[in-house]
Amino acid sequence: MIAQSLLGNSIVSTRAREVGLRIVAGLFVVAVFVGGVQLRRYIGENTRHVRYQHDIVNAFYWGSETLKEAGRLSPDEATANSWTGFFRGYLALYDRVKEEAYKSDYGLDYPPLRLLTMAIWSKQVRDGFPWVDKEHPKLVNPLLKINLGCELVSAAAIFFLVRLCVRRSSRAH
């Protein structure tokens, strides 16, 4: 209506209108995305003490256990701190937890890829700050960025999965 002249003819071509709508939709998606990331950061900073303190301590504990296992299986400290020793400890941790479990109560509640992520994070923290015993809020930021990246990849994958299902169902009809 706005883009029409007094005679009823369109001032803007149909193609230009479509391009304009796509640009506005793209800007809207970018604004929602950036706003969502900022909201996530704000909520994370202001609710840190009530939300994930136990989870971070647990993650750092199991990551550190992986490093201890690497140290136990390595002949010297240099080998234990290498990536080869790290992966040796990572692969052996599940076996040790299984052997030490009482009535199938393992305590290790991480699947392999999550444990690997926590172990790499713990290794980076230990390499940079060897005096840290528990988590430190500033040291959690890389882990939060990894989580955000994984969530974005998951959201994109779900979008394309739904898109594929909708396209297939429309062809079936």
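The exercises below work through the fold, a helix, a buried serine, a surface patch and the cysteines of a predicted model.

**Exercise 1. Describe the overall fold of the protein from its helices, strands and contacts.**

Solution. Begin with the secondary structure, where the protein has seven helices and zero strands, so that the pattern read along the sequence is α-α-α-α-α-α-α, numbered from the N terminus. Next, take the contacts between residues at least 6 apart in sequence, of which 58% join residues at least 24 apart. Finally, turn to the surface: 23% of the 173 residues count as buried, and the accessible surface comes to about 12,900 Å², with 64% of that area belonging to carbon and sulfur atoms.

**Exercise 2. Compare the span of helix α3 with its expected span, and list its buried residues.**

Solution. Helix α3 runs over residues 53–73 and has 21 residues. The expected span is 1.5 Å times one less than the number of residues, and for α3 this expectation is 30 Å, to which the 30 Å reached from its first C-alpha to its last is close. As for burial, the residues of α3 that fall under 20% relative accessible area are I56, N58, A59, F60, W62, G63, S64, E65, T66, E69 and A70.

**Exercise 3. Decide whether S122 is buried or exposed, and find which residues it touches.**

Solution. First place the residue, which lies in helix α6, residues 112–128. Its relative accessibility is 0%, and because buried means under 20%, S122 counts as buried. Then, leaving aside residues up to four places away in sequence, S122 touches A59, F60, G63, S64 and L67. Among these partners, A59, F60, G63 and S64 also appear in the list of buried residues of α3.

**Exercise 4. Identify the residues of the nonpolar surface patch and the helix that gives its largest share.**

Solution. The patch is made by V30, F33, V34 and L152, and its area is about 340 Å². Helix α1, residues 14–46, contributes three residues, which is the largest share, and V30 is one of the residues lying in this helix. It helps to recall that an α-helix has 3.6 residues a turn, so residues three or four places apart point the same way.

**Exercise 5. Classify C150 and C165 by accessibility, and state how many disulfides the protein has.**

Solution. C150 counts as partly exposed because its relative accessibility is 46%, and C165, with a relative accessible area of 46%, is partly exposed as well. For the bonding question, a disulfide requires a pair of cysteine sulfur atoms within 2.5 Å, and by this rule the count comes to zero disulfides.

Terms used:
Residues are numbered from 1 along each chain as its sequence is written. This is a predicted model: local features need pLDDT of at least 70, side-chain atom pairs count only at pLDDT 80 or more; totals for chains, interfaces and linings use all residues. Side-chain values use heavy atoms; hydrogens and water are left out. Patches are made of residues with over 30% relative accessible area and no salt bridge: like charges are joined within 9 Å, nonpolar side chains (Val, Leu, Ile, Met, Phe, Trp, Tyr) within 5 Å. Accessible areas come from the Shrake-Rupley method with a 1.4 Å probe; for residues, only the protein chains shown count as cover. A salt bridge is a side-chain nitrogen of Lys or Arg within 4 Å of a carboxyl oxygen of Asp or Glu. Helices (H or I, at least four residues) and strands (E, at least two) are DSSP runs, numbered from the N terminus. Buried means under 20% relative accessible area, exposed over 50%, partly exposed in between (1.4 Å probe, protein chains only). Contact means heavy atoms within 4.5 Å.
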